[in-house]
Amino acid sequence: MTLHLVDDHDAATARVTALVSHVIRETPSLVLGLPTGRTPMALYAALAAARLDWSRVRTFNLDEFSTLAPEHPGSFRAFMDEHLFRHVNLAPASIGFLRGDAADLAAECGRYEAAMADAGGIDLLLVGLGGNGHIGFNEPGEFLHAETHVVPLHESTRRANAERFGGDWRAVPASALTMGMRQVLSARRVVMMATGASKADAVAAMLDGPLTTRCPASWLQAHPDVTFVIDRAASARRPG
Ligand code: GLP
């Protein structure tokens, strides 16, 4: 485990931008797993400005809201188009995404698993941290799922995502599709970025607590090649 404690969100963004840029230059055919959320927005802007060659890169996003078509402005696909995909030379066919509007969501999860396996698995997975310790949309609870699956969203998660739904958390879909813990833990390298005071409890549980389904991100402690990039505010509740 590598832990980079940095001053603030800008420093975290700079650190992860440098890391991802380096990996894309070293491995042009990278299979890259991607998160959405406020945390990676500046990262995506910096990567878009870095003039990297994405022509051979393949991507798989972690998750998507159930029911939403890719064109829906609240969808994670629309988020990614807006913040990254339309700004880089990534081939449209190389963008892996769960379809929230698929008629058969279980079949859609199976299709996604097969697509990731066909790509040879994920080389580098970037992840963010839910304020409740979720990773992707693997929510805290009594159990976790290994495979890509449909998951009901906690109210806190819907509230945290309300911004893209006119600020109305009830307009946020009540369920989502997400990669499971197996996909997260079988990525060859994982980079977790967490910044800001709202993540402080989850960061303490993730880094210093036991591995528990109550904090899905705590399972990253068991990953053989994980890098945490955490800012001062997010590390404020760590013991000692
Ligand atoms: C979202 C996403 C996660 C993301 C997390 C944190 O709901 N499903 O993949 O990492 O919540 O989001 P933010 O970066 O906005 O705090």
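**View 1. Arg182 and Glu113 form a salt bridge.** Their side chains meet at 2.9 Å, N to O. A salt bridge here is a side-chain nitrogen of Lys or Arg within 4 Å of a carboxyl oxygen of Asp or Glu. The whole structure holds 13 salt bridges. This is a predicted model: local features need pLDDT of at least 70, side-chain atom pairs count only at pLDDT 80 or more, and totals for chains, interfaces and linings use all residues. Residues are numbered from 1 along each chain as its sequence is written, and side-chain values use heavy atoms, with hydrogens and water left out.

**View 2. Asp101 and Arg99 are joined by a salt bridge.** The N to O distance is 2.9 Å. Asp101 is partly exposed, at 31% relative accessibility. Arg99 is partly exposed too, at 38%. Partly exposed lies between buried (under 20% relative accessible area) and exposed (over 50%), using a 1.4 Å probe and protein chains only.

**View 3. The ligand makes polar contacts with Asp63, His134 and Gly136.** A polar contact is a pair of N or O atoms within 3.5 Å. A polar side-chain atom of Asp63 lies 2.8 Å from a ligand nitrogen. The side chain of His134 places an N or O atom 3.1 Å from a ligand oxygen. Gly136 uses a backbone N or O atom, 3.1 Å from a ligand nitrogen. The protein covers 92% of the 390 Å² of accessible area that the ligand has on its own (Shrake-Rupley method, 1.4 Å probe).

**View 4. Thirteen residues surround the ligand.** Each has a heavy atom within 4 Å of the ligand. Arg38, Thr39, Asp63, Asn161 and Lys199 come nearest. The shell has three nonpolar, seven polar and three charged residues; Gly counts as polar, and Asp, Glu, Lys and Arg as charged.

Key: A polar contact is a pair of N or O atoms within 3.5 Å; within protein, one must be able to donate a hydrogen and the other to accept it, and residues adjacent in sequence count only if both atoms are side-chain atoms.
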